[in-house]
Amino acid sequence: ETAFNGYVKNGKTPTEYYDYIIDRYNGSPTNRTIINSYASRIYGRGLDAVENTNIGDILSVKDLRAIILDYATFGEASMQIIENRGGGLDSIKHIAKNKLLPEVADDYDNINGYYYSKDWKKKYKYPPFKIEAFDPVRPQAISVYNIKEYSIGNEYFKDPDYKAGLVYAELEEEI
């Protein structure tokens with residue numbers, strides 16, 4: 001975790017650790033199968049709304065599955081919250097975790113925004129731009145909500161639950 005230009009990098013390069021996790025997901029069939037199975041079990045039968053709310057109008061199955069896969073893969077996930085002109089919730093969209101980096105926290109340890117780039121390796125072609133963090137008190141037209149549990153020693157990022165197994169995924173790739 002290194003502060004740089006107002007956002008926090010996840011490694012030496014902006015998304016180095018995310019890239020490492022993605023490489024282990026793509027390179028190890030065992031690791032990929034376990035993560036996909038875990039994500040499938042989190043999804044279960046999907047979401048069901050109560051009373052007159054149709055959750056499918058707000059969050060598509062495709063976006064929900066992508067959010068869950070990010071959570072299973074990275075230990076955290078992000079979603080784009082889109083408000084309608086009246087201030088109500090219009091929709092929730094998946095936003096790829098490896099394309100989003102947190103802003104440096106304020107004096108009260110609040111992360112007030114996230115920086116998005118389509119490709120952090122090509123920052124000059126796809127310059128990062130800030131999206132406000134979701135705040136129910138101050139709704140924005142578009143904001144980001146990050147799902148992340150507390151992680152010892154990490155202020156900005158969460159290690160995946162299977163972090164200790166990543167070296168074995170690397171070993172499987174080499175074999």
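## A walk outward from Thr 73

The side chain of Thr 73 reaches back to the backbone oxygen of Leu 69, at 2.7 Å. This is a predicted model, and that little polar contact is a handy place to start the tour. Thr 73 sits in helix H3, which covers residues 61–74. Is Thr 73 buried or exposed? Its relative accessible area is 6%, so it counts as buried, the cut-off being under 20%. As for who surrounds it, set aside residues up to four places away in sequence and Thr 73 touches Ile 21, Tyr 25, Ile 35, Pro 160 and Tyr 162.

Some of those names lead to other helices, so let's follow them, beginning with H2. Helix H2 runs over residues 29–43, and its axis comes within 9 Å of the H3 axis, with a crossing of roughly 130°. Why call the pair oblique? An angle of roughly 130° lies outside the 65 to 115 degree range for roughly perpendicular and is not over 145, the mark for roughly antiparallel, so H2 and H3 are oblique to each other. The crossing of these two helices is right-handed. On the H2 side, the residues that meet H3 are Ile 35, Asn 36, Tyr 38, Ala 39, Ile 42 and Tyr 43. Facing them from H3 are Val 61, Leu 64, Arg 65, Ile 68, Leu 69, Tyr 71, Ala 72 and Thr 73. Sort the residues of this H2–H3 contact by type and you get 11 nonpolar, 2 polar and 1 charged.

Now for H1, and first its meeting with H3. The axes of H1 and H3 are 10 Å apart and pack at an angle of about 100°. That makes H1 roughly perpendicular to H3. The contact brings together Tyr 18, Ile 21, Ile 22 and Tyr 25 from H1 with Leu 69, Thr 73 and Phe 74 from H3. By type, the residues of this H1–H3 contact come out as 6 nonpolar, 1 polar and no charged. Notice that Leu 69 and Thr 73, our opening pair, both turn up here, and both are also on the list of H3 residues that meet H2.

H1 itself spans residues 16–27, and it packs against H2 with the axes 5 Å apart, at an angle of about 100°. H1 and H2 are therefore roughly perpendicular to each other. Here H1 contributes Arg 24, Tyr 25, Asn 26 and Gly 27, while H2 offers Pro 29, Asn 31, Arg 32, Ile 35 and Asn 36. What is the mix of residue types in the contact of H1 with H2? There are 3 nonpolar, 4 polar and 2 charged. Tyr 25 and Ile 35, which both take part in this contact, are also among the residues that Thr 73 touches.

Before leaving H1, have a look at Tyr 20, another residue of that helix. With 23% relative accessibility, Tyr 20 counts as partly exposed. Beyond its neighbours within four places in sequence, Tyr 20 is in contact with Leu 166, Val 167 and Glu 170. Glu 170 is 150 residues away in sequence, but the C-alpha atoms of the two are 9.8 Å apart in space.

On to the strands. Met 79 belongs to strand E3, residues 76–83, and is buried, at a relative accessible area of 12%. Leaving out residues within four places in sequence, its contacts are Ile 67, Ile 92, Lys 93, Ile 95, Ser 143, Val 144, Tyr 145 and Ile 147. Of these, Ile 67 is 12 residues away in sequence and 7.1 Å away from C-alpha to C-alpha. Ala 96 can be placed from Met 79 too: the two are 17 residues apart along the chain, with 8.1 Å between their C-alpha atoms. Ala 96 lies in the loop between strand E4 (89–95) and E5, and at 18% relative accessibility it counts as buried.

Two more loop residues round off the tour. Ile 152, in the loop between strand E8 (142–148) and helix H4 (166–174), is exposed, with a relative accessible area of 72%. Its C-alpha is 21 Å from that of Leu 100, 52 residues away along the chain. Asp 109 is in the loop between strand E5 (100–102) and strand E6 (113–116), and at 58% relative accessibility it counts as exposed as well. What is the sign of phi at Asp 109? Phi is positive there, at about 65°, although Asp 109 is not a glycine. Most residues other than glycine have a negative phi.

Notes: Residues numbered from 1 in each chain as written. Predicted model: local features only at pLDDT ≥ 70, side-chain atom pairs only at ≥ 80, totals over all residues. Heavy atoms only, no water. Helix = DSSP H or I, 4+ residues; strand = E, 2+ residues; numbered from the N terminus. Buried < 20%, exposed > 50% of the residue type's maximum accessible area, 1.4 Å probe, protein only. Polar contact = N/O pair within 3.5 Å; in protein donor to acceptor, adjacent residues only side chain to side chain. Contact = heavy atoms within 4.5 Å. Axes fitted to C-alpha atoms, helices over the stretch in contact; angles between N-to-C directions. Parallel < 35°, antiparallel > 145°, perpendicular 65-115°, else oblique. Left-handed = near helix turned anticlockwise from the far one by under 90°. Nonpolar A, V, L, I, M, F, W, Y, C, P; charged D, E, K, R; others polar.
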